[in-house]
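Please look at the sequence and the structure below. The paragraphs after them go through the contacts with DNA, then one chain as a whole, then a few single residues.

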Protein chains: 2
Amino acid sequence: MSRPRITSHDVARRAGVSRTTVSLVLSGSGRVALSPETRKRVMRAAEDLGYKPNSAARMLVSGNSETIGLVVSDPSILLVDAFIPQILYGIERANREMGFHVLVEGLGAEERPGAYDHLVESRRIDGLIVLNPRVGDEALVSLIEKGFPLVLVGSVRHKDEVSVTFTTRAAIGAAVEHVVALGHRRIGAVTFSPRGYTSRDARLAALGAAMVGHDLHLDEDAITDGNFSAESGHRAATTLLERRPDLTAVFAGNDTIAIGVLSAARALGRRVPEDLSVVGFDDLPFAPWLTPALTTIRTDGVRQGTIAAEMLFARLGHAALHPPRVRLEPELVLRRSTGPAPD
Amino acid sequence: MSRPRITSHDVARRAGVSRTTVSLVLSGSGRVALSPETRKRVMRAAEDLGYKPNSAARMLVSGNSETIGLVVSDPSILLVDAFIPQILYGIERANREMGFHVLVEGLGAEERPGAYDHLVESRRIDGLIVLNPRVGDEALVSLIEKGFPLVLVGSVRHKDEVSVTFTTRAAIGAAVEHVVALGHRRIGAVTFSPRGYTSRDARLAALGAAMVGHDLHLDEDAITDGNFSAESGHRAATTLLERRPDLTAVFAGNDTIAIGVLSAARALGRRVPEDLSVVGFDDLPFAPWLTPALTTIRTDGVRQGTIAAEMLFARLGHAALHPPRVRLEPELVLRRSTGPAPD
DNA sequence: GCTTTCTACTAACACGTGTTAGTAACACGC
DNA sequence: GCGTGTTACTAACACGTGTTAGTAGAAAGC
């Protein structure tokens, strides 16, 4: 271990040229003329010695780290919700293709003003992707206003933010249409999180709006909040179904919550879909294999992650420009957890 | 944006001392004497200016990046298996506590000899944690033999490896005991992956051994291989149950696979647990909320990740020494998916 | 009063790279 | 023969930090 590092100096000596030449060959912009023969010789020497440039030195002089930061607002969500890994995968793959690295950083519960400063100011990263941002995160807003290269997976409703989100109106509209067509009129919801997470609020608003379009109303007491986990979904659904036993359809905030809803329904002796229809959100890979197979709204987390990464590369000048806000369109997937309303 | 960076030079000027003094105050080993008053003044100046040391410069001179690499052997597993996020969470949290950063790197399908060299030789990371290593990964073995600080979450059965794994004998023994006590004698298995992943092989071997202890035999045709996803579990279980309709109990390679097994059983008209008992592995957060609630073997992924990180810190000299191989003991959790064997 | 020890600080180097300005050699045009 | 380019290369600086060797001044020892 700790055998002496090979530096560009060693390569230069072996190739019989100056260190400058080595640098120009291996990472020069081509603005300086070099004979093809010298080029070959240097590259050969580098290859022979197994030369890998020291990234710290490179960062120092260039100012770029070829690394992006990925901030997971509340990392404990990782434990229970399978959606984040999809996004992570998309981001990681896109970065790998660009030769970039991904630094994963969790934020604790504390959201003090300087939360991101350490990462940003230490120049460790060139840009940032923030997952599940919360409206009102001041540290985040200040970073946006400073103009730091930043992409949100989600939204904080800031005019200058760059973000990837999913529209909800059309798909939830279609889902409501589907459920209403099956005869349901008393519809409830179990969200995936407390208030403040924009996509929770957006999904709920879209549900309410779609119901109004059918002369229905989403009652306040027909909503209970989950907290990311299946267990929280089970508890919230139990509360909901005991308070409002007349409900015949429930929209779950996401598929993990839906697992809990299915479990709660079963525990209360309600058969799905005969007595109760359940609609999920996300279409995670396990959704078709639940009992019963879940009707849900498909969002493509991998794509969302990939696009977030591409938008960031664009801001860093490495890719074609994107519009500042990308909104993806999810899609209704019909399976077995929705059926005709009971009489 | 891009306002001039604040360097230690600026802090020095403001505090009226030399740059050296600033460096000594903020990160010196205390071997040089400094008056308390100067200390205060420097710290005050740094605070006022919001000084954050440039990490690249620091890395360059110190040789440490305070970053560990986390290699996910096959990142697409992220998409379908919820166990990896548990480990990731544990690692991330431990690193955050130590002030370390985590660089996540996926390996493509290609496993050429120099797979890890880029990360290691570029000095971007101080140490490495490898998830789901595969026996026979030469690049990995060569890294181990070079003595690079490396911790495996899993094993490649190398004599010098440092690894965290789960024992399987006792817990699987208990599970077999439980199932046999319920009257089952024809037992099958659906693995979570093809051959070559050590924990697949270990779980299968432990199952076979435990069965022998009860004068039973795990037939070759009572085993089918899944491939991480619930879908693959469904397919493999369907094949298995059609080939061996006499089986009354099935061990699933993990809980995600178990989702598929439950789904397949239902599709074939086999009730769980009345007609078929199912045992999972991992006790993921959703396991209690499946239909029926899953009997499974609890492994603590977060703890595994935390310990892996601590072992690495130990190797880097930042923490107390660990034994080179830690084996955690999982625990049988009884729920509703196992019941008396049908007559 | 002279040397010695101690305190508080700093000058100067090192880390390994990218890049700009500059040079030496040579060809070319007139 | 002299300026003008062109080609192929290199010396020297910059990036921002950690650390060692060294210095000036004061205190202490005798």
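**Protein against DNA**

A polar side-chain atom of Thr38(A) sits 2.7 Å from a phosphate oxygen of DNA strand D. This is a predicted model, and every distance in this text is computed from it. Two further phosphate contacts on this strand involve the protein backbone. A polar backbone atom of Ser18(A) is 2.8 Å from a phosphate oxygen of DNA strand D, and for a polar backbone atom of Ser8(B) the distance to a phosphate oxygen of the strand is 2.6 Å.

Both protein chains therefore appear in the list of neighbours, given that a residue is near a strand if one of its heavy atoms lies within 4 Å of it. There are 23 residues around DNA strand D, and those that come nearest are Thr21(A), Ser8(B), Arg19(B), Ser23(B) and Tyr51(B). On the DNA side, 54% of the strand D atoms within 4 Å of the protein belong to sugar or phosphate, and the rest belong to bases.

Which helices supply at least two residues each of the surface near DNA strand D? In chain A they are α2 (19-27) and α4 (55-62), and in chain B they are α2 (19-27) and α4 (55-62). The largest share, four residues, comes from α2(B). By class, the surface near DNA strand D consists of ten nonpolar, eleven polar and two charged residues.

DNA strand C can be read in the same order. Around this strand there are 24 residues, of which Ser8(A), Ser23(A), Tyr51(A), Thr21(B) and Thr38(B) come nearest. Of the strand C atoms within 4 Å of the protein, 53% are part of sugar or phosphate and the rest are part of bases.

The contacts with strand C include one to a base: a polar side-chain atom of Arg19(A) lies 2.7 Å from a base oxygen. Chain B reaches phosphate oxygens of DNA strand C. An N or O atom in the side chain of Thr38(B) is 2.6 Å from one phosphate oxygen, and a polar backbone atom of Ser35(B) is 3.1 Å from a phosphate oxygen. The elements that give two or more residues to the surface near DNA strand C are α2 and α4 of chain A together with α2 and α4 of chain B. Here α2(A) gives the most, with four residues. The residues near DNA strand C divide into eleven nonpolar, eleven polar and two charged.

**Chain A as a whole**

Chain A has 13 helices and twelve strands. Its radius of gyration is 26 Å, well over the 20 Å that the globule rule gives for 343 residues, so chain A is more spread out than a compact globule. Along the principal axes, the C-alpha atoms of chain A fill a box of roughly 90 × 40 × 40 Å.

How many of the 343 residues of chain A count as buried? The share is 57%. Among contacts in chain A between residues at least 6 apart in sequence, 70% join residues at least 24 apart. Chain A exposes about 14,700 Å², and carbon and sulfur atoms supply 51% of that area.

**Single residues**

Is His178(A) buried or exposed? The relative accessible area of His178(A) is 18%, and the cut-off for buried is under 20%, so His178(A) counts as buried. His178(A) belongs to helix α9 (residues 169-181) of chain A. Apart from neighbours within four places in sequence, His178(A) is in contact with Leu332(A), Leu334(A) and Thr338(A). Leu332(A) is 154 residues away from His178(A) in sequence, yet their C-alpha atoms are 9.4 Å apart.

In chain B, His178(B) is found in helix α9 (residues 169-181). His178(B) is buried, at 19% relative accessibility. Not counting residues up to four places away in sequence, His178(B) touches Leu332(B), Leu334(B) and Thr338(B). With Thr338(B) there is a polar contact of 3.0 Å between the side chains.

Gly213(A) lies in the loop between α10 (198-212) and β7 (223-225) of chain A. Gly213(A) is exposed, with a relative accessible area of 62%. Between the C-alpha atoms of Gly213(A) and Asn132(A), which are 81 residues apart along the chain, the separation is 30 Å.

Technical notes:
Residues numbered from 1 in each chain as written. Chains lettered and ligands numbered in written order. Predicted model: local features only at pLDDT ≥ 70, side-chain atom pairs only at ≥ 80, totals over all residues. Heavy atoms only, no water. Polar contact = N/O pair within 3.5 Å; in protein donor to acceptor, adjacent residues only side chain to side chain. Nonpolar A, V, L, I, M, F, W, Y, C, P; charged D, E, K, R; others polar. Rg over C-alpha atoms; globule rule 2.2 N^0.38 Å. Buried < 20%, exposed > 50% of the residue type's maximum accessible area, 1.4 Å probe, protein only. Contact = heavy atoms within 4.5 Å. Areas by Shrake-Rupley, 256 points an atom, 1.4 Å probe, with all protein chains shown as cover.
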